[in-house]
2 protein chains.
Amino acid sequence: MKVLGKPEIMALFRPEHALQLLREGLIAYSAGQVQQPPVQHFGFQQGQGDCCIKSGYLIGDDQFAVKVSSGFYGNAQYGLASNQGLIMLFSAVTGAPQALLLDEGWLTGLRTALTGRLVAEVMAPPRVAAIGILGTGMQASLQLEQLASVLPCRTVWVWGQSQQALQRFIQPFVARGYDMRPTQDARELASHCQYIVSCTPSSSPLLQADWIAPGTHITAVGADAEGKQELDASLVAAADVLVADSVVQCTAFGELQHAFAAGAIGLQDVHELGAVLDGRQCGRRAADDITIADLSGIAIQDVQIAKSVLQLLD
Amino acid sequence: MKVLGKPEIMALFRPEHALQLLREGLIAYSAGQVQQPPVQHFGFQQGQGDCCIKSGYLIGDDQFAVKVSSGFYGNAQYGLASNQGLIMLFSAVTGAPQALLLDEGWLTGLRTALTGRLVAEVMAPPRVAAIGILGTGMQASLQLEQLASVLPCRTVWVWGQSQQALQRFIQPFVARGYDMRPTQDARELASHCQYIVSCTPSSSPLLQADWIAPGTHITAVGADAEGKQELDASLVAAADVLVADSVVQCTAFGELQHAFAAGAIGLQDVHELGAVLDGRQCGRRAADDITIADLSGIAIQDVQIAKSVLQLLD
């Protein structure tokens, strides 16, 4: 069994290779070609922590994967990252463990950001004068980096709750020539941006329906549990196109949960990302559509990004 | 993170220490002190294989565990054991991985056999003239070995489908002075034995109600999935005491599933092993009771046996 630490994984990683596998994985998922049992969840009082176990298998493949992902919010005091997670790959022919990737959640961050890039390929409006990013954390930064490959726009509004976090966020992008516009007013951001990515742990809406102009796309990344919410349910209900990485999961505990629970949208109103990537569904029908993608995170993404690392080792 | 292979685990392992932790774990489980999310299942066509992922956490403990257990029935051709499974222990304070036990299912076999021994402590009838074992595999052998600590009886009837397997099974026990009686007739076995353990992958009843005399105990180990069955449902329905490692699991996909589905028993008819070990419920009320224990296997057993190994390392 190969054991790789985070530095080795980061050195090996090839985003274009991972992107291709992610695309294939999402398409297979939406075609019913993935075994993906329900997620296992734990909560830990001691360490203010939680943990989830996601497992998946692309049918016919040589490997399956098990991911243990954790968030322990008191870890800074021990000099540890909050996510001490890992991904294990097993042979689907013998069951033998093949690789242990001690990535501390790094691959989860990357697979989410790369999936955001896949969304941009099929849902971005033709004219993006400014990109909007809600959130100032690691995922917000990764999403903006990955968008650079798809959208030529380098004018970026960033919303955050603290001036300090905003300044820290914009520095590396300013250094690379981006025109960065920090703000603490999400409505101001919405008034300027045609491509918005929300990456916050919010549990109340940050964007309202009447702030969003026709021809805007929003990717909502933050909501991955009951009660989390970044977009007002009326904004979700008003969208012309809704796309989800997993229809069943997003309507249960992704961003779409609120509009779905209120009966404002039904399962038939949501396309699955894999079906859009495969050309079976449409991610954007017209330039002035309001489109929303909900990324709640599914195991096949972990399977595929872990496989991309293992393949580079061989 | 400590990584231990099967030989190291076998050398370190102390059954009495593991037994104590198993007892505590089962008691905690029945007292509602264990987080144990639903089991994840996979099936693999390529390797005639299956895999399940069991995770558990004894609330307040320092560790939680994730077990990946597999059965790939074509592995002999690669010189590999059919179970390539492992158990991982994580800190419940920081989420950090602490130990990877590459036990190839050995600990699962042991925890099941040790739990069989705990059952004997609280359910065995006062007079056991002969022990009966159904099955000739590894688990059948481990169960018989573990019973030696509780039952003085060394006369053992063994039922199996092949003479060859029966002869292979009895040899090491004959060498240790056991009086071993191989048979291919389960009814003959039942007519002689007061303590019976069934350890087969059967999906049709091996024992009938009218073969079982008053004062007999049966531990059913084999049924751990829908459709598996070792005891006729009328035998289960006729038992004076029913005990399950997990009431909810055994009535869903353990030995009790058939009598439960037929409405012949209800949840109120089944005691949980932890409650019996804790003295809150009774495992045997009278010498001539027919008692049945159903062991379908639960994650807390994996957690506890893995902890027992880790503790011996410190």
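Me: How much area do chain B and chain A bury between them, and what share of it is on carbon and sulfur atoms?

Reply: Start with the total, then look at its make-up. This is a predicted model. Chain B and chain A bury about 3200 Å² between them. Of that area, 67% is on carbon and sulfur atoms. On the chain B side, Gln40(B), Phe42(B) and Gln46(B) lose the most area to chain A. Together they make up 19% of what that side buries.

Me: How many residues of each chain are in contact?

Reply: Count each side separately. Here 42 residues of chain B touch 42 residues of chain A.

Me: How many salt bridges and how many polar contacts cross between chain B and chain A?

Reply: Take the two kinds of pair in turn. The rule finds zero salt bridges across this interface. It does find ten residue pairs in polar contact, both residues at pLDDT 80 or more.

Me: Which strands of chain B supply at least two residues to the side that touches chain A?

Reply: Go through the strands in order. They are E3 (40-44), E4 (49-58), E5 (63-72), E6 (86-91) and E7 (97-102) of chain B. The largest share, six residues, comes from E4(B). By class, this side of chain B has 24 nonpolar, 15 polar and three charged residues.

Me: Now for a boundary inside one chain. Where do the domains of chain A lie?

Reply: Read the residue ranges. Domain 1 of chain A covers 2-107 + 300-313. Domain 2 of chain A covers 112-297. Their C-alpha centres lie 24 Å apart. The contact takes 15 residues from domain 1 and 17 residues from domain 2.

Me: What area is buried between domain 1 and domain 2 of chain A?

Reply: Use the approach from the chain interface. The two domains bury about 1500 Å². Carbon and sulfur atoms give 56% of that area.

Me: How many salt bridges are counted between these two domains of chain A?

Reply: The count is two salt bridges. To read a single salt bridge, find the two side chains and the N to O distance. In chain A, Arg117(A) and Glu16(A) meet in a salt bridge at 2.8 Å, N to O. Between the two domains there are also seven residue pairs in polar contact, both residues at pLDDT 80 or more.

Me: Which elements give two or more residues to the side of domain 1 of chain A that touches domain 2?

Reply: Look for the helices. They are H2 (15-30) and H11 (299-313) of chain A. H2(A) gives the largest share, ten residues. By class, this side of domain 1 has ten nonpolar, two polar and three charged residues.

Notes
Residues are numbered from 1 along each chain as its sequence is written. Chains are lettered from A and ligands numbered from 1 in the order in which they are written. This is a predicted model: local features need pLDDT of at least 70, side-chain atom pairs count only at pLDDT 80 or more; totals for chains, interfaces and linings use all residues. Side-chain values use heavy atoms; hydrogens and water are left out. Contact means heavy atoms within 4.5 Å. Buried area is the accessible area (1.4 Å probe) that two parts lose on being put together, summed over both. A salt bridge is a side-chain nitrogen of Lys or Arg within 4 Å of a carboxyl oxygen of Asp or Glu. A polar contact is a pair of N or O atoms within 3.5 Å; within protein, one must be able to donate a hydrogen and the other to accept it, and residues adjacent in sequence count only if both atoms are side-chain atoms. Helices (H or I, at least four residues) and strands (E, at least two) are DSSP runs, numbered from the N terminus. Ala, Val, Leu, Ile, Met, Phe, Trp, Tyr, Cys and Pro count as nonpolar, Asp, Glu, Lys and Arg as charged, and the others, Gly among them, as polar. Domain bounds come from an automatic or database domain assignment.
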